[in-house]
Amino acid sequence: MAETNRRPRIRRSVLGAAGVLVLAGLNAPAVYDFTSRTYHAYTIEQPSYKADHGHWRMVEVPPRFRINTIHAALLHTGKVLLIAGSGNDAKMFDSKTFRTVVWDPVRNTFKNVETPSDLFCAGHAQLPGGNLLVAGGTERYETLKGDVKRAGGLMIVYNENPDRPKTLPEGTLFTGRESGKTFTSQSGVLVPRAKKEIDPDTGKATVTASSARVYVEATQEGARYQTGAQDQYRIKGLKGAEKRNVYGIAQKLSFDKKDFQGIKDAYEFDPVAEKYIRVDPMHEARWYPTLTTLEDGKVLSVSGLDEIGQVVPGKNEIYNPKKKDWEFVRKSRFFPTYPALFLAQGGKIFYTGSNAGYGPADKGRVPGLWDLDSGAFKEVPGLPDPQLLETSMSVLLPPAQKQRYMVIGGGGVGESPRSTERTGLVDLKADDPRFVAGPDLYAKARYPSAVILPNDTVLVTNGSGDYRGKGDSNVLKAAVYDPAANRFTAAAEPLVGRNYHSGGLLLPDGRVMTFGSDSLFSDQADSKPGVFDQRLELYTPPYLHQGGQRPRLDERGEHRRRVELGESTTYASPDAARIERMRLIRPGSFTHVTNVEQRSIALKFTAQGGRVKVTLPDDPSLVPPGWYMLTAVDKRGVPSEAVWVRVPVSDDAESPKTTEEPPAPAL
């Protein structure tokens with residue numbers, strides 16, 4: 001009887017145990033995930049892990065200073081300029097709310113700065129005096145086909161008067177002679193005076209009309225206000241001879257997709273006053289341009305979408321910081337938007353093929369060396385996966401004297417889902433430069449960020465496997481590339497996924513800051529809209545977790561802050577005997593997978609008696625003028641905190657030939 005009563009209890013116990021096991025099995029993935037995350041969080045805080053892989057931490061940004069950082073540049077004050085403009089937010093654009101913030105990474109303080117134009121998707125470059133040139137930006141957001149409410153398009157305005165130009169303000173009305181339909185200009189336009197030539201033999205004058213372009217829209221919504229053929233347009237408000245001399249001509253004005261449109265505005269940002277200073281506008285409106293500082297301190301501005309949303313057809317121009325004005329490069333050359341254009345040794349421009357968007361798939365995408373004066377372009381072949389260059393990152397590997405460049409990751413043209421883990425290497429000092437395959441990146445990645453470190457390595461972080469992180473494809477990985485060993489070493493994993501509209505900068509203390517990310521969607525199914533990531537993150541490389549004293553450079557000694565090319569200066573240093581290398585590092589200026597400013601130059605030096613004497617190279621194409629971070633690196637690979645040095649414009653720097661007239665269209 002007792003045996004009979006025990007059996008149900010045994011069965012209940014067995015069933016209960018089985019239930020526990022089933023429940024544990026069902027929860028095993030969650031338990032494992034929790035355990036793994038807990039262990040990982042513990043591991044990454046260990047000193048030994050930091051010494052091998054470095055460490056990431058978030059920056060505390062007060063809510064009133066959080067912006068959609070699109071552009072970031074290190075200033076010679078040690079602060080970082082964070083530019084959003086409208087921040088890829090159409091509501092901000094419509095309300096004319098444009099943002100800029102200055103961040104002090106030492107004190108972790110922030111300051112809002114008045115932003116005079118929508119500098120979203122501008123270009124920027126460091127100037128010799130320390131100001132940052134910011135040029136271009138947004139005139140109009142794109143409108144997809146089906147969302148366009150008013151017919152619109154390109155209006156070419158002609159002026160047949162050789163005696164004076166004509167300015168037409170925003171809102172000028174154009175009425176078709178044939179159609180009778182009226183369109184209004186969306187921006188002001190200056191039409192130069194006509195060109196008048198006198199035949200020396202006959203004395204007969206020939207007048208050639210000048211022209212300018214402006215985007216126009218119908219005054220009312222609806223399909224019946226579009227046009228389907230070329231028409232000549234009268235301009236409301238003109239009187240007398242002006243009614244005949246100034247007129248518009250347009251082809252089809254329709255409901256096709258309207259791309260982003262650029263502006264001509266240009267500013268210098270003053271890091272000391274912390275404000276924008278307006279300078280002469282560019283000749284061409286540009287949205288997504290690249291700005292590259294040249295050996296004489298002038299700045300080359302290339303590509304971008306113009307005032308009607310078309311890629312500027314090879315009309316590149318140069319800014320003169322002394323005159324604060326622009327002139328065209330004499331020979332045209334077409335590039336897709338945000339091309340990676342580096343000042344190469346010898347003064348030519350090296351195009352790695354990296355770019356960030358708009359332009360045909362079969363034009364202007366081949367890497368090569370470009371001579372600004374002659375217009376000659378010598379292709380550099382051999383890059384693996386050359387069709388996957390859009391949204392790739394390019395970097396001039398340290399030290400810059402070796403003239404070796406690396407192309408990292410990338411994807412297909414436009415919204416292609418294709419991406420690559422490819423890296424390509426090229427030595428421009430070779431007799432016949434050509435790319436060779438480098439080691440694979442940590443994953444297939446569009447939008448990776450690469451930042452040069454003081455110890456002659458390069459930190460590469462983040463990216464996404466698909467266009468703008470679609471399919472939850474952000475890559476939470478980082479690696480350090482060693483050019484000497486030609487290999488990547490895994491770094492600590494970033495805390496934030498970063499793709500489109502992200503980047504990174506080296507700070508004077510040897511850390512790296514990363515910013516931005518603009519995912520199209522926020523879930524794997526691509527069903528929920530993405531949210532711009534406004535967080536900033538700091539990476540402390542392994543060399544700052546080695547323990548012991550960092551090498552020091554004392555600015556209170558006999559050094560000079562202004563050092564010309566070929567000259568020397570001396571710093572007191574209690575660590576002079578253990579310094580192994582000295583590096584001159586140009587502050588970065590990063591946007592849209594493009595940072596053509598950053599470079600690290602090896603300096604000759606002698607160390608003796610508590611002093612270190614450094615000598616600058618004498619080549620202005622290797623060391624373009626401007627402010628630089630000077631860093632000492634000891635035998636362990638640990639860098640000092642940087643001191644700032646200003647390199648003035650060299651008398652030996654050659655200026656490219658320019659012209660006031662636009663060049664003939666690129667072939």
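Let me begin with one pair of residues, Val299, which stands opposite Tyr319 in strand E24, and I should say straight away that what we are looking at is a predicted model. That pair belongs to a longer arrangement, in which strand E23, residues 299-302, and strand E24, residues 317-320, pair in the antiparallel sense over three bridges. If we step back from these two strands, we find an open sheet of five strands, running in the order E22-E23-E24-E25-E48, with antiparallel pairing. Which strands stand at the edges of this sheet? They are E22 (290-293) and E48 (658-659), and each has a single partner strand, so one side of each is left without a neighbour in the sheet.

Now let me turn to the nonpolar cores. The largest holds 75 residues, and the members that touch the most others are Val80, Trp103, Met513 and Leu536. Strand E36, residues 478-482, gives the most to this core, contributing four residues. If we follow Leu536 and leave aside residues up to four places away in sequence, its contacts include Met58, Val61, Trp103, Phe110, Arg498 and Met513. There is also a second, separate core of 36 residues, with Tyr571, Ile579, Val596 and Val623 among them.

Finally, I would like to look at some empty space, namely the second largest pocket, which holds about 910 Å³. Its lining consists of 38 residues, and those lying nearest the centre are Glu142, Phe260, Tyr467, Arg468 and Leu520. When we sort the lining residues by character, we get 19 nonpolar, eleven polar and eight charged.

Technical notes. Residues are numbered from 1 along each chain as its sequence is written. This is a predicted model: local features need pLDDT of at least 70, side-chain atom pairs count only at pLDDT 80 or more; totals for chains, interfaces and linings use all residues. Side-chain values use heavy atoms; hydrogens and water are left out. On a 1 Å grid over the protein atoms alone, a cavity is a set of points where a 1.4 Å probe fits but cannot get out, and a pocket is an open set with protein on both sides within 12 Å along at least five of seven lines; lining residues have an atom within 4 Å of a point. Grid points are joined across faces, edges and corners, and a volume is the space filled by probe spheres set on the points. Ala, Val, Leu, Ile, Met, Phe, Trp, Tyr, Cys and Pro count as nonpolar, Asp, Glu, Lys and Arg as charged, and the others, Gly among them, as polar. A nonpolar core is a set of buried Ala, Val, Leu, Ile, Met, Phe, Trp, Tyr and Cys residues joined through side-chain atoms within 4.5 Å. Buried means under 20% relative accessible area, exposed over 50%, partly exposed in between (1.4 Å probe, protein chains only). Contact means heavy atoms within 4.5 Å. Two strands pair if DSSP finds at least two bridges between them.
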